[in-house]
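Thanks, everyone, for making time for this. I would like to walk through one model this morning, going from the inside outwards, and I will put the sequence and the structure up now.

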Amino acid sequence: MEDKWRRWVLITAVAPIAWGSTYVVTRHLLPPDVPLWGAVIRCLPAGLLVLLFARRLPRGSWWWRSLLLGVLNVGGFSVLIYIVGQRLPSSLAATLMSTSAACIMLFAWALLGQRPRVAAALGAAVGIAGVVLMLGVGAGSIDPWGIAASLGAMVASSFGFVLTSRWGQRVPALAMTSWQLLAGSVVLVPVALVVEGPPPQLTPEGFVGFAYVMLIGTAVAYAAWFAGLQRLPAAAVGLVGLLNPVTGVVLGVVLAGEAFGPPQVVGLALVLGGVVWGVLPHRRRVTRQESVPGRQSGEAPEPASRGGMKA
């Protein structure tokens, strides 16, 4: 069971690492003035591609669930992030978004009955402190509307991820990924038309950049993230998400020559330590559950979040 836990943690980690890598690609290859169309170009083809592999359309309540989750996790999230990008320094925005690790824990407690463990809460606190130290929050002006949009994006996506965990236990991760990406993209198209006008004409560099963020930063990343939400407690998934800003900082140093001094070193260590501290104790607890009388040694324990109904 310990090996399975480690494997799903690593699979889930693909998502924040991929999302973190898109910062460098976006900065150097994609047009800077059309973030809403950028989200559509990124998510709509990715949703269609994943749907080709999933070969399954929503049924029954999953039509409105896909629309709601698509707005929370993709479309509405992109609109709010667009506002954030216009009003806040990126370091402050990333720091505020990192608090999603704690927000996911609270939503998981309320909706899934997954009470936060002390180790996970401490790991989230240490990891968020590491993000603050690594990025810094002192530069630039602070806009109240930007703060509100950033917190709205963080709460919306955290709520959407926990709802995905609650509703999606019996739905293939690829199918659920495609439905949310397509629904979120459809909602986003009219907003992009009103705010940014017609779709942009892409340069060769733009095609390469969008190919990367569409395939790796969206299709692969969302599929890995939703698969993790099906098999791991939401709190653990939220902690793994702290690898997002870490990846952005590391790639910025390696590929773009950005500054990396003692605060970044200490912050990086705190984030990684917080993630490991918050995730590993749960894995040990799951391992002990294998010795419960009446359960075969090779049988996986029933996760507390199965179906989102067990307290």
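Let me begin with a cysteine, and with the reminder that what you see is a predicted model. Cysteine 103 has a relative accessible area of 13%, and because the cut-off for calling a residue buried is under 20%, it counts as buried. Cysteine 43 is likewise buried, in its case with a relative accessible area of 5%. As for disulfides, the structure holds 0 of them.

Staying with the interior, I turn to the nonpolar cores. The largest of these has 58 residues, and the ones with the most contacts inside it are Trp62, Trp225, Phe226, Leu239, Leu242, Val271 and Val279. If we ask which helix gives this core its largest share, it is α9, spanning residues 204-231, with 7 residues. A second core, separate from that one, has 7 residues, among them Val34, Trp37, Val40 and Leu188.

Tryptophan 225, which I named a moment ago for its contacts inside the largest core, deserves a closer look. What does tryptophan 225 touch, once we leave aside its neighbours within four places in sequence? The list consists of Thr12, Ala15, Pro16, Trp19, Phe161, Val237 and Gly241.

Next, the charged pairs. In general, side chains of opposite charge can pair when their charged atoms come close. Here the structure holds 1 salt bridge, and it is formed by aspartate 143 and arginine 87, whose closest N and O atoms are 2.8 Å apart. This pair links distant parts of the chain, since the two residues lie 56 residues apart, with aspartate 143 in the loop between α6 (118-135) and α7 (144-167), and arginine 87 in helix α3, residues 62-87. With a relative accessible area of 36%, arginine 87 is partly exposed, because that value falls between the 20% and 50% limits.

Finally, the surface. Val126, Leu133, Phe260, Val265, Val266 and Leu270 together make a nonpolar patch of about 430 Å². Both α6 and α12, the latter running over 262-289, supply at least two residues each to this patch, and α12 gives the most, with 3 residues. Valine 126, one of the patch residues, is located in helix α6. Is valine 126 buried, exposed or partly exposed? Its relative accessibility is 34%, so valine 126 counts as partly exposed.

That is the tour, and I am glad to go back to any part of it.

Methods: Residues numbered from 1 in each chain as written. Predicted model: local features only at pLDDT ≥ 70, side-chain atom pairs only at ≥ 80, totals over all residues. Heavy atoms only, no water. Salt bridge = Lys/Arg side-chain N within 4 Å of Asp/Glu carboxyl O. Helix = DSSP H or I, 4+ residues; strand = E, 2+ residues; numbered from the N terminus. Buried < 20%, exposed > 50% of the residue type's maximum accessible area, 1.4 Å probe, protein only. Core = buried A, V, L, I, M, F, W, Y, C linked by side-chain atoms within 4.5 Å. Contact = heavy atoms within 4.5 Å. Disulfide = S-S within 2.5 Å. Patch = residues over 30% accessible without salt bridge, like charges linked within 9 Å, V, L, I, M, F, W, Y side chains within 5 Å. Areas by Shrake-Rupley, 256 points an atom, 1.4 Å probe, with all protein chains shown as cover.
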